[in-house]
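Biologist: I'm new to this one. Could you show me how to read it, feature by feature?

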Amino acid sequence: MKENGLESPFLLIISREGREEFVKNELGTRFLGAKFAFSRPGFLSFKQADAVSANQKNWKWSATENLVFPLRSALFVGKWTAEKGFALTPTISPADLAAAVSAPGSLHFHALDFTPSPKENEFTRDLSREALAERYPGCLSAVTEALAPVGLGALIDAAPWNADAAVGDPILQAIAVSDKEVWLAWTRLRETEFGFPGGESRITAPAAAPSRAYLKFAEAAQLIERKFGKPIFKPEDRAIEVGSAPGGACFGLLERGLRVTGVDRGQMDPIILQNTRFTRVDSSIGDWMFPESVNAEWLLIDMNAEARIAVRECKPLTDYIKRGLKGIFFTLKLNQ
């Protein structure tokens, strides 16, 4: 049995739209033989060859565990076309796929649309069962029929459709890439990924949140709390955010009952300034002569600076409060 039961000639990547070049650069750096093969906005595929011999290599799911920029990575397992129906890729047998899908965890079936049509709203990558059947007549029945001999047909029919998967759950993804072609991919949800189709968190910012920094903080907090299985913040915990303006992350912290100190020369949103649990420090971190009484359980660093500069500027504060720290949220700015 191959590693994880599956090896595939193609690795499929779902990313944020506009961040495809980051994915390409990461794959090119991590895998010297990785070659970009196909893309749509927010979706890419890669082949792989031995860096020395240039011979074709198969992708193993475990090799992509620590990728940073993909929302989700998956192994290509087969495709359906309007002319030829459905066929597994030659490197994968029905038995291999059945073993990967029937491993511990509930199977989820996610269907996503990556045809060139424009998005209508934030979550239109989803394809409902009805939409898939209407746009690609015979696709789903061909897939289930082909996999029925190994018991996967009924399992796919019964799988939650576009539901939130749990860490470790196997996921089959039907990915529409053109008007006449749907690809099938397999993955298992990792701790660093959200369980909705396409790796979406489905977290939305309240209308009153001053900036999208709220989402960055809320998504990071949710992943950490999912890992620990409980809330990580306690009411009256103290937090310091360096680079806090206009206050998106502060809004999320205050929502959770924390006492927050924001360090920034930029203007804070009035909704933050009016909160009695917020203290503003009108200073850059380098100029802040923090008092001896300063302390915090949480430190957030969201400076508009390169990572090494942000670390250097925050080091005196970090060294001073590190005994009481429970964690640091660090926003990595990709200015270059």
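Modeller: Let's begin with a term. Buried means under 20% relative accessible area, exposed means over 50%, and partly exposed lies in between, using a 1.4 Å probe and protein chains only. Cysteine 139 is buried, as its relative accessible area is 3%. Before going on, note that this is a predicted model, where local features need pLDDT of at least 70 and side-chain atom pairs count only at pLDDT 80 or more, while totals for chains, interfaces and linings use all residues. Residues are numbered from 1 along each chain as its sequence is written, and side-chain values use heavy atoms, with hydrogens and water left out.

Biologist: Is cysteine 250 buried or exposed? And how many disulfides are there?

Modeller: A disulfide is a pair of cysteine sulfur atoms within 2.5 Å. By this rule the count is zero. Cysteine 250 is in no disulfide, and the nearest cysteine sulfur, that of cysteine 314, is 14 Å away. Cysteine 250 is buried, with a relative accessibility of 0%.

Biologist: What does the secondary structure of the chain come to?

Modeller: Helices (H or I, at least four residues) and strands (E, at least two) are DSSP runs, numbered from the N terminus. Here you get nine helices and 16 strands. The C-alpha trace spans about 70 × 45 × 35 Å along its principal axes. Of the 336 residues in the chain, 48% are buried.

Biologist: How many residues of helix α7 are buried?

Modeller: Seven of the eight residues in α7 (residues 248-255) are buried, so the helix is largely enclosed by the rest of the structure. They are Gly248, Ala249, Cys250, Phe251, Gly252, Leu253 and Leu254. These buried residues pack against α6 (213-228), β12 (238-242), β13 (259-263), α8 (270-273), β14 and β15. For packing like this, contact means heavy atoms within 4.5 Å.

Biologist: What comes on either side of α7?

Modeller: Ahead of it, proline 246 sits in the loop between β12 and α7. A cis peptide bond joins alanine 245 to proline 246, with omega about 0 degrees. After α7 comes glycine 257, whose phi is positive, near 90 degrees.

Biologist: Which residues other than glycine have a positive phi?

Modeller: Take alanine 54, with phi near 70 degrees. Alanine 54 is in the loop between β4 (43-49) and β5 (56-57), and it is exposed at 52% relative accessible area. Glutamate 236 has a positive phi too, of about 75 degrees. That glutamate 236 lies in the loop between α6 and β12, and at 44% relative accessibility it is partly exposed.

Biologist: Back to helices. Which residues of α2 are buried?

Modeller: In α2 (residues 94-101), they are Asp96, Leu97, Ala98, Ala100 and Val101. Their cover includes β7 (72-81), β8 (85-88), α4 (139-147), α5 (152-158), β10 (170-178) and β11 (181-188).

Biologist: Let's try polar contacts. What does the side chain of aspartate 302 pair with?

Modeller: A polar contact is a pair of N or O atoms within 3.5 Å; within protein, one must be able to donate a hydrogen and the other to accept it, and residues adjacent in sequence count only if both atoms are side-chain atoms. The side chain of aspartate 302 makes one with the side chain of lysine 333, at 3.0 Å. Aspartate 302 is placed in the loop between β15 and α9 (307-321), and at 13% relative accessibility it counts as buried. Leaving aside neighbours within four places in sequence, its contacts are Ala213, Lys216, Glu241, Val242, Gly243, Thr331 and Lys333.

Biologist: And where is aspartate 287 found?

Modeller: In the loop between β14 (278-281) and β15 (298-301). Aspartate 287 is partly exposed, at 47% relative accessible area. Its side chain has a polar contact of 2.9 Å with the side chain of arginine 265, and another of 3.2 Å with the side chain of serine 284. Aspartate 287 and glutamate 313 are 26 residues apart in sequence and 9.6 Å apart in space, C-alpha to C-alpha.

Biologist: How much of the contact across the chain links residues 24 or more positions apart?

Modeller: Such pairs account for 65% of the contacts with a separation of 6 or more.
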